[in-house]
Each structure stands twice: as structure tokens, then as C-alpha cells.
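Opening the notebook on this one. I'm jotting things down in the order I looked them up.

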Amino acid sequence: MHYESPIREPLILEDKTLHDITEDVARPIEGKANKWWWALFLFALAAFLWGAGCLAYTAGTGIGVWGLNKTIGWAWDITNFVWWVGIGHAGTLISAVLLLFRQKWRLSINRSAEAMTIFAVVQAGLFPIFHMGRPWLAYWVLPLPNNFGSLWVNFNSPLLWDVFAISTYLTVSLVFWYMGLIPDFAMIRDRAVKPMAKKIYTILSFGWSGKAKHWQRFEELSLVLAGLATPLVLSVHTIVSMDFATSVIPGWHTTIFPPYFVAGAIFSGFAMVQTLLLVMRKVVHMEAYITIKHIEYMNIVIMVTGSIVGVAYITELFIAWYSGVEFEQYAFLNRATGPYWWAYWAMMTCNVFSPQFMWSKKLRTSIGFTFFISIVVNIGMWFERFVIIVTSLHRDYLPSSWTMFSPTFVDIGIFVGTIGFFFVLFLLYARTFPVIAQAELKTIVKSSSSQSKNKSHE
Amino acid sequence: MATKKTYFQGLGELANNPELEQLQHKEFAEKLPTEAFLGDEEKLSESSTSRRDFLKFLGFSTAAASLAACEAPVQKVIPFVVKPEETIAGNANWYASSFYDGNDYASLLVKNREGRPIFLKANDLSKEGGITARVQASVLNLYDSSRLKEPTAKGQKTSWRKADRAIVKGLNAAKSSGKQVVLLSSSIVSPSTKAVIKEFASKYGAKHVTYDALSVSAMLDANKESFGVRALPTYHFDKADVVVSFAADFIGDWLDSGHGKDYAAKRNPNASPMSRHYQFESNLSLTGANADYRTPVKASELGVALVTLYNLVAKKAGAKLVNTPASGYNTQLQKAANDLWDAKGKSLVVAGGNDKNIHTVVNAINDLLDNMGKTIDFKKRSYLKQGNDADVATLLNDMKAGKVGALIAYNANPVYNLAEGADFAEALSKVDLSVSFASKNDETTSLVDYVCPDHNYLESWGDANPYTGVYALVQPTINPLFNTRQAQASLMSWTGLGDDFYSYVKTYWNRYVLGSTSWNTALHDGVYTSKATERSLTRRGSIVSATKALSKLSSDSIDLVLYSKTGIGSGEYANNPWLQELPDPISKTTWDNYLTVSPRFAKELGLNNEYVSNGALNGDVVDLTVGGTTLRVPVLIQPGQAYKTVGLALGYGRQGVGKAGDGVGVNAFALASDFNTTLSNASLSKVEGEVHEFACTQLHHTMMGRDRIVKETTLDAYQQDPRSGNEQMMLETHKGPLEPEKITLWEEHDRDVHWWNLSVDLNGCTGCGACVIACHAENNVPVVGKEEIRRSRDMHWLRIDRYYSSDMTEERAEEEEVSTIDKYLAMEVASEAESLEVVFQPVMCQHCNHAPCETVCPVAATTHSREGLNHMTYNRCVGTRYCANNCPYKVRRFNWFNYSENDQFDFYMNDDLGKMVLNPDVVVRSRGVMEKCSMCIQMLQKVKLDAKKDGRKLRAGEAQTACSIACDTGALTFGDVLDEKSEVYTESKSPRAYHLLEELNTQPSVWYQTKVRNKG
């Protein structure tokens, strides 16, 4: 039996019993959606449809409808891709890494964090496909046996590594997430009264009956998958960073990128988890499970990773100066003082300065402030990718090719569309899936809930 | 002996049954009873096929036919039933021909594929003339969809016979009424055409008036005064050790397109000696950009500067001096005078503009320098420009007075390119009969009675006598595409000489030109040289009045200098989209003309250029008024421009010429006065609130202190150490300093067959842009239009980077302790006009042997060849653009849209006529794929296959690319670097050879040769 010091703050408040947890988790699924849900959903759906229209326009007319040019071959497309992949980092980190480190506070947030991961990776995956000039040939990046001749993919290309990294990550995250859902689906199934719902949840729960053998397998598989997923947390963004790090472009060709990108990804992932959960805990009344303590923990992660990112930025500047390479020096000077100085300073302000407020206990336990910072960090991390991609490309080696980038309505439309798509998925998830891993959460009711702590005081 | 066996098909045939024999010729054995069936009403009405059934059948067959039509359209290739002699599908034929349009002359070989001329190159048998970008692009004019397709009378279609009858009637009427018959043309160098005109003139008492849109009439007049003959000499830039040019853009549009290559021959630092070039000018011209010493001079002070030079030279020669005010450019003039005097007899002073006084003084200076008969040759004269401005003025007065009964415009568009164009248009209505030979609609054709469209020169017979003793033939390389007729044939038929100009030329040549040489030989060679010379001339006459007229300074006046661009020239080809999209070599601006204003003057006037968020350039707009004419023009701030002098390009503002040329820019001819393109007392007033959008292919103008991009040295330093400016770069490693190429993770490629290399001599490159157009023509490079260029999406596989020097350098920043940020900001600014230096650097795919693009493509669409080429497989490309991002030279071009068969890109690739110019050896790229320079792999394959068929090795110099062929200054040398006999091998071993961005160790197959300036 796990023993926890009574002075540790409880992770479940309001003296929730096991049954209370079941009721709380099942309520959004069994009840009706309120008008806020509908308003948000319709808004997200509209954005999604608009984005889908923009994507269709792009695929039908050509990449020329974006703002790209001969010098800047990637801009919002890959910025959005990296941004979404980064966001998709928190889920696996929370569920896998924190599982291995036995951080019990993960239990009430891992389900939603993982859902967010999967939905974010889905958004991310759209960009590498649709940024292609001929997206209908996207399957050519897969090493498929073919009759085009002896054509094979180029294993030297970081884009190909991306294909493997992202698809592996998506698969493992999906399996891990789904596996965790099985006991919870079974719980919903057992409570379901409508025949249709019962049928669906029966299929989804894979015949889970809560036998000891089931639980034993569940635990074992959790550990195995956590073991598999943990290196992926590091590998995905490492490989994404190699798209840039292995190139010759000043500002891209940087060995610091892998750790810096991973830290940045966790940073942005946690910010997005904050953004979502702060709203969700309110809307579906999960304040007892997603407590201030959880928020504080996440804020600490944001503060630490934000500082790591800050150190990375400064290291980049130092190395540029120290390298003595004029192109490198100019690239970084140009970031900070060139035509895109505002993007650089937006990035610096949002990512390096703003998380420092979290040193103050008062601020990091303030829900309003946390929400504000989480948005700021998301904006900052988008700018980070924009800065890396666009400001490096727009002034590289030969000044004759230097130019600028300006997005078109299609660029903006597609980005907005992915945000819409993401929220469509997340809102549907919040109404049909158990948003808290209740089966697992119940394991700490006896050790870490306010109920148990109060009992031990008595 | 083979016998022809026949087989019988049945016993009847074997037995020679006569009945059977009869039946064999019939389709049906018995007569079909159609008559009986259809004739019998009763039977028909009994037939079970009702009207409804009929409709069902009809419906079914329509549906079936439409379904069948849903397949992809089938384009049929039809084999020749009778194959024309010499034509083998897939093989090109080359025909010798000549180009002369009243401005440029070139002797050509025309590449003909399946009956279509698609590419032009210089005829090696001829040394004269030069293929400029305009000549190169002229092949596209043939396929211009706005060409006139038949004769018209007052805008209505008509037949040749009707038109001829009416015109002859009109001509006779004019003659009998005692009114003038005038043939107005640009310069004509064709002797047979002149003979035709002579016969025409004698029949109708016609007057032949010649004028040139870019007139040098004043120069001819000055020569008449100085030498007694109204003639132009030939200039020998290849013999001149010192060249001093007063605003003569001799690499651009001054007299002869062949000057560039002659000049370049002396720009080689190994030439003995390399020439030194001084340029005194107001606009920054292509020639000025190449000069060793360029002095920006206010246009109205150029005369004083010239007279001062005269005095400086005269002092050395001991000749009499003339009075003139002190010139502000004494230091530079003194230096030029010293160099000129030292190179006496081997120097050359030339001047542009159309001012007789200037040319008179220039003649005197050249005479003092003993250049006559040496670098200036009157024995071999140039006939390329014969116009007489005074005649045009007379004509215009006669027309206004109603004295002209008939006017025929031949290769002339007076309504557009005369300053008095509007007057001319009005006077034209007083002419009873007006005819134009224009092959395309222009400003004049819309006003004349009859348009008798001429053939394109690629459809015509003809000849040329561009210089004394030099003759050339023009032969058709395609059947006339439309119902047009050669202008000469029209004149002949009106004169009653028939309409067979071919026979006329042939007879003329056999009688007057060819000695013992046969016609066929001459036609094959395209050129024929006789030993004929003109007499040499000596200068006489005084320069007093000329110097007096020039010795005026008016520092208050704002001067305007009209100039012509290498692409558009006098505007004749304004509807050629290749030329419109060819960036101006200096401003790198496409699809526009604009007022060039010096940075200092612009600041004073509060005129601005600014970059918008996508990097494109916007400029303020001014109302420019000269001599009562006002034009609204955009302002482009031009480094190197003389203070208080503004420049404006001719050849724009065309109306009704077609989809590419209409409404591009403004017509600056309207501002000229008496053919004079240098004007004083201009006034500018800023138009508030109006902004003009420019489309530039290069937006950043300086090298930002990255001196290793274009390596430079001076001649003195080069002679002391040939590696000067090109010192071996070393990178610090833990093993000590190493050459970049020694540090590598890569495996070397096998190089055992060929290794194609291209060497770019930065001394040879004048920046003229002929290679760019040649690349378009050979490789089907799409035209994307102004809006796309503005979005930095030009598709040029080969671009010419132009960099200005900056007054801020690393050394100066260190000395003056300028902060790094300020240093870079200052480096973005081009030097002051006085110290401005310009370099041109052609950049194409560098075909890196360690190519950054190749490793990053996920689908291996770009790969390396065993012959050192970087291949691009369009079919395999999925369009991630990673290769382009990772290209340090930014030479890859992406197909953002479908550029062919797309009416959004209405230039030439979307119409059947325009598509005829496409090279069938090169695929037209679809949207979504990357493309780039292939080093003309189709041309390499061709020569390799030829050699293989002949069972021999490739000869050195046999393999060429379109750009290396087009470059007549010898700046581009292509070949196999494994072949030690090849020129490119020698070039690659030159101490001047370097790789662009060598420190990246991409190991390009393209070499650059250090730029050496003759500065001391």
C-alpha cells in the first residue's frame, strides 16, 4: 500500500468517494450539452470548414495561393506543423514519463493531455501533406514497394525521418491512450441505459470485465508502453528539429536544436494543456480533480522549460558570435534587429520573460493569470518557429535573393482551420469520452484524496 | 533472285473466275435493297421501329458517344505522308540567316525542329554584330498571337488582290495629282530592298525618308562636317587600350550590338594590355556599370566636361585650346586625358546622345589622339544607322500642308516613336493614302488606310549589307504562318515587278555581290565577305562653334536623359513577354519603366521607395514635365544616378500591341524633342497619395560585406600575384588550418566519363542578359507576369545578380568603431554615386558535387549524376521545397501554379501559336514541382549520342549549354573538365578560379573567375 505523508496536499478535493468519481466522470457523457458547448462547437466547426475550404483551394490551384516565394519555401505551413507537433508533446510526457517517475498528480490530467496530443498531431500531420506541391502523391514518401521503376525513398532526408517519427509517435500515443480508456469505457458501458450507447461502448471497451487478470495485463502493458513512449517524447521533436539542424542555412544549422526543441515542445505542450484544462475543469466541474496543485505543478514545468528555452536562445546568440562565421552572426543579428525584429521580440517576451512570473507562488496559483500566460506561451512558441523558419530563410547567403514573406488569406485560413479542427475534435471528445482516467484515479483515493487525508487526521 | 509470291484466297480466284473478279471490287456482294425498303411507304409504316424507338436509339447513341468522350483528350501525332527532305523528326536543322530590325544586326543560325524555328545562335562564320537578348528573344515574336493575319483596309479584312488594286490606284492618283509619295522607313541595310525601293521610287516619283527611333542622326551630321561624308565608321573596341565614353552605352544600345564582345576581349586581365574604361554619364548605364572609372555627370554639364577633356588632350598635343568654363570633374578628366595620351593611337573616345556638337568635339579628340584609321575605321563603314532627323521634320510639315499624297510606313511606327507622334497622327489624316507594312498592330496601323502585314524575318527572304564588304542573307526557316506578304514583295507588285522577292535577291546577288562564289554556298554560309573598302577619311573643319555651344553650365536645371533598356530597346518588341520579364540589368526591375532619381535628389524632393511586407518595392509617383509635356511616372531611386539628372526608359507605354505589351509603363518618346534624348528644364512634382508597385527580381542591392561572393582585385595586384583577391580560404580545425574541401564527411563521386563544368568570368560578363533569354528559349522557362515577380517568384533558371558597392566596409567599421548593427544598416546602402562600383554575377544551379539539395529530398527526386550534374526529376518531385530552402545559392524555382495551359498566365504558353516556340526536347513542368538549371542536359545528351553514333570521343568544346552559346563576350565557358584539352579545364586551373560560397564545401561544378578592375 502506498503511503503518503499527510502534509502533502491532497490531489482529490471535496472528499470525493469512489462513487462520486464515477458520477463526475460519467456526467458529461450521460447528460446533455449546455449552450456554451454548442456555441464553442459551432464556432470551431465554422473555423474548421473555412480551413478545409482553404486547403481545397490550395490543392486545386497550387501552393501559389500562399505567400511563399523563391527564397522562402516554407513559412506558415511548417511553422504550424512544428507548433502543433510541439503541442502534442505534453500528453505523452505526462502519461509516460510521469508514470515512470510515479508522479501521481498526472492521473487526473493524463487522459485529456493525451487526447490533446493526438488531436494536435493530427493537425500537425496535415501540413507536411498539404505543403507539398503535389499532395496527391504524398504516399511517395512512404517506402512502399512500387512499379515506378527502382524508386525508393531517400533515407538521408530528415523529412523522411519526420514521416517515421510522427507516424510512430501518433501510433504509440494512440495505443497508449486507448489502452487507458478501456476500463473507463467499460464503466460507461455498464452504466449506459440507451441501447445504442451501450452497444458502442461495448465495442469500445473490448470486453473488459475488471478481472484481476485484466488489471494485471493493463498494468504491465502500461509500463511497456510508457517505456516505449518515453524515448519518443525525446525523439519526435529531436527529429523535427533535424529538418533544420541538418541543413546549411544559417540560423537552421545549429547543433543545439534537438534539446532546445524538446524543451520548447514540452513548454508549449504544457501551456496548451493549461489552456484546455482550465476551461474544462470549470465547464464539466472537475475542480475537485484538477486542483490548484495540478495547475501549480504544470506552471512549474512551464517555468523550467521556458527557462531552458531562454538559455537556448542566448546560447544560439553566443555561438553565432563565437563561431566567427559572418553568415551566422548576421543571421542572428538580423533576427533581433532586422525587418522581423518584432517577431523575435514577441518570441523573447512570450517565451523567456513571461514564464519568469511563475517564480511567484501567488501568480502560479492564480487561475486567471495561468490562463493568460498559457495563451501567451502558445503565441510565443508559434513565433519561435516563425522566427526560426522565416527569418533564417529570408536573408541567407547571397543577398541578391533576400526578400520577405507575407501571409495570404489562405495561409491564415488554414491555420485558423486547424485550430477549429482541433477544438472540434476536443469538444466531441469531452462529450463522449471519460475525460479523467477514473479507473486509475480511483487508485489514489485512499492515499491522496482529501477524504483520506481528513480521515487520517481524525 | 527473289520472286514475288502471291497467294490465292479461294479456289475461285485460282481458277480466275471472272464473276469472282467482278465481285472483288464491290463492297457488298448484292445490291442493298435500300430503294425498295425506303421507297415503299406501306412497308415503312409497318416497320416496328417507331418514332419513339428512333429517339431511344438516338438518345442511346448520344449518351454512348458522350461517355466515350469522357476519356482524356487524345492528341494525335501524324507522321509525314511525304517526308520533307532533310527533316528527321527529333533532329534539329540549322539554317544560316540574319537579323536586322533597324537597330541590331546579327548573323544567325536558326535551330529548326520539325519545321519550327525555336532557337537562335551566332553564326561562327561571321564576326560582326552580336546576339543580344532582344535578338535572342525575336524567335518568340514569330509566334505572337497578336500578329496580323491578313491585309486590312481601314481596319476591315481584305484580300491582297483588292488591297493591291486600291493601293496602286492611290499611288497613281497621288503621282498624277503632283503630290508626294513617301516611303517612311527605319534604316535599311538590305541592298536588294534598296534596289526594289529605287524601282518603286522611280515609278511613282517616291521619296524615301529614313529615320531611326534611337536616332544617331546628329552623329552622322557631325561626321559629315568633320569628314565630309555622312557616314558611320566602325569602332574597334578590341584594339582600344583606353576607352573614354561620354554617355555612350556601347554595351547596350549604342550603334552596334557587336561592341560588347569586342570590348570584352580587351577586358581580360591577361589581354595585352587589359583596357581601361572611363565613363562619364548621368544615368547608370550597363556600360557605366562595367567601367573602371565611372563619373556621374549632370547631363547639361557633360558638354563642358567633354570640351575640358579636349583642352587637356590638346594641351598635350600642342594644339590650340578653346574657352570653356571650369568643369567640376577635372580630376577624373585629367586622369582620363593622361591615360588617353599614353595610349595614343590605341584609344577611343565615344559619346552617346544625339547632339551634333558633342560628336564634332569627339571627332576632334579622336583626331588629336591619332585614333582615326586605327580604332576608328572609315574604310569599313557601318550602315546600321542611316536616319536623317531633318527629313522627318520636312515630311511632317509637308504632310500638314497636304503635300503628301501617299505614305508608306515600312518598319516604322512614327505615331509611337516620334516625339511629334500626336502631330503625325493628325497629319496622317491629310494624307490621301496611307499604308503600313507592320506585321503587328501598333499605334500607326490603327490610323492608316491599309495594313499590308509583312512576314516575320524568319519567314522572309532577304539580304543585308551592314558594313562595307560584309554581306549577309536572310532565308525563311518556316512557311509563312498567316496570309502575310513580305514588304518587298508588296512594293514589287505595286511597281509591277511580280512578287517573287526570292528570285530578285538571288539575281541581285549573282549580279552585284557574289563574285565567283555560288549562291548556294553563300546561302549555306549566311554571310559573304568581299574585299571592298571605302576610302579613309581625314578630319577637317573647326570645333569652335561646337565648343561654344557646349560651354554652357546650367546647374539649376533638372535634366532628363531618355535611355533604352537592353530588353525593350525602342519598344518594337514590347509585346514579347520574355523581354518584359527580363530584368533591367541595372535596376533588376521587370515589366516597367520609371524615372531613375539619385538617392540624394530623391531625398531633397521627398521621394521615397519602400518595401512592403512581402518584400516587394513600392515607389512614389511624380508628374514629370518637360517642354510642356507632362507624364505621370513612378520613381525608382537609382544609386549611381547623377544628382539633378533623372532618367526614363524609352520603349514603354505601347498601346494595342497585344497582351504582354499593352499599358506597361509610359511612352517617353513623347518627351524627346528633335530626336534629342537629353533634355533640360524638367520639373517634377510629387503626386500625393499615389503609389506605384514595382516588380523587381532583386531587392537587396549590396553584398553586405560578404566580399567572397564576388571576389575582386585590381590589375596591378593581379599582375603581381595572380591569386590576389582569391587567396585560398582556410578553416581552423583541430588539425590546424585546412582548405574547406579537405573537411568532408562525404564520399566522392566516381568521375570517369565526363565532368561538366561551367566557368563564369566576372571580367567577361557585361550583364547584358542574352544568356537569360537563351535559357528561357532552350528550357521552356515560363513567364509568370508582373504580379508574380512582385511576389518574388520569378522562374529564371539563370539570373544575373547585380551588386552595388557600399561605402561601409568591415575595415571602415573597425576603424571608426561603428557598432555592428549600424555597420550592417550602413552596408545595405549603396555607395555615393561618385564612388559606386557595380558587379554582375550570373548565378545558375551550381551543380554541387556535395549538394545540400540532394540529401534533403524525401523522395530522391534530385540526385547526382556520374557526370557531375545535379539532376532534377520532375516526375518524381512531390514539391516539399526543402531542396530550395537548403540551397545556399537559391537557384531552385518552384512551379507555384500551372504556368502552361493556364489563362491566368496569359503570355504564350496558353495559346497554340505561342506553344510552337517550346523546345520539344525539354518537358514543360507541371505545377507543384521544383525546377532548375540542368546545364542543358538535353544538349549534352545530343552531342554524346552524336559522338557515340560516329564512334568517336567527344571533341573539346563540342558540348555547350544555351547560355554558353548565347554569351558572345566569352564569359561563360562550358565543357568537360576531365578533358585536359578543353577550355574549361584551363579555366578551372586558373589562379582566378573560385567556387561561390567555398566555405560550405558544396564543391560546385561552376567556377567563377575573380573580377579584375583596371584601377590603379
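Which domains does the domain assignment of chain B give? I noted domain 1 (218–382), domain 2 (554–696) and domain 3 (712–1013). Before going further, a reminder to myself: this is a predicted model.

**Entry: domains 2 and 3 of chain B**

I took the centres over C-alpha atoms and got 31 Å between domain 2 of chain B and domain 3 of chain B. Then I looked up the contacts: 24 residues of domain 2 of chain B meet 22 residues of domain 3 of chain B. On the domain 2 side, helix α22 (residues 577–581) of chain B gives the most, with three residues. Sorting that side of domain 2 of chain B by class, I wrote down 12 nonpolar, eight polar and four charged residues.

**Entry: chain B as a whole**

I found 33 helices and 40 strands in chain B. Its radius of gyration is 32 Å and the globule rule gives 31 Å for 1016 residues, so I've put chain B down as being as compact as a globular protein of that length. The box filled by the C-alpha atoms of chain B, along the principal axes, is roughly 115 × 95 × 70 Å. Of the 1016 residues in chain B, 56% are buried. I also checked the contacts in chain B with a separation of 6 or more: residues 24 or more positions apart account for 74% of them.

**Entry: chain A as a whole**

How many helices and strands are there in chain A? I get 18 helices and zero strands. A compact globule with 458 residues would have a radius of gyration near 23 Å, and the 23 Å of chain A agrees with that. The C-alpha trace of chain A spans about 75 × 55 × 40 Å along its principal axes. Buried residues come to 52% of the 458 residues in chain A. For contacts in chain A between residues at least 6 apart in sequence, I noted that 83% join residues at least 24 apart.

**Entry: where the chains touch**

I looked up the A–B contacts next: 46 residues of chain A are in contact with 50 residues of chain B. On the chain A side, the elements that give two or more residues are α6 (158–191) and α11 (326–337) of chain A. The largest share there comes from α11(A), with four residues. By class, I logged this side of chain A as 24 nonpolar, 18 polar and four charged residues.

**Entry: the core**

Which residues have the most contacts inside the largest nonpolar core? They are B:Leu306 and B:Val361, and the core has 429 residues. Helix α9 (residues 257–283) of chain A gives the most to this core, 15 residues. I followed up on B:Leu306: leaving aside neighbours within four places in sequence, B:Leu306 is in contact with B:Phe246, B:Ala351, B:Ile358, B:Val361 and B:Leu550. Background I scribbled in the margin: in soluble globular proteins, nonpolar side chains tend to be buried together.

**Entry: A:Ile29**

I picked A:Ile29 for a closer look and placed it in helix α1 (residues 18–30) of chain A. Why does A:Ile29 count as partly exposed? It does so because I find 19 C-beta neighbours inside 10 Å of A:Ile29, while a buried residue needs 20 or more. Not counting residues up to four places away in sequence, A:Ile29 touches A:Ile188, A:Arg431, A:Thr432 and A:Pro434. I also have 9.3 Å between the C-alpha atoms of A:Ile29 and A:Val435, 406 residues apart along the chain.

How values were computed:
Residues are numbered from 1 along each chain as its sequence is written. Chains are lettered from A and ligands numbered from 1 in the order in which they are written. This is a predicted model: local features need pLDDT of at least 70, side-chain atom pairs count only at pLDDT 80 or more; totals for chains, interfaces and linings use all residues. Two residues are in contact if their C-beta atoms, placed from the backbone, lie within 7 Å. Ala, Val, Leu, Ile, Met, Phe, Trp, Tyr, Cys and Pro count as nonpolar, Asp, Glu, Lys and Arg as charged, and the others, Gly among them, as polar. A nonpolar core is a set of buried Ala, Val, Leu, Ile, Met, Phe, Trp, Tyr and Cys residues joined through C-beta atoms within 7 Å. A residue is buried if 20 or more other C-beta atoms lie within 10 Å of its own, exposed if 12 or fewer, and partly exposed in between; C-beta atoms are placed from the backbone. The radius of gyration is taken over C-alpha atoms; the globule rule is 2.2 Å times the number of residues to the power 0.38. Domain bounds come from an automatic or database domain assignment.
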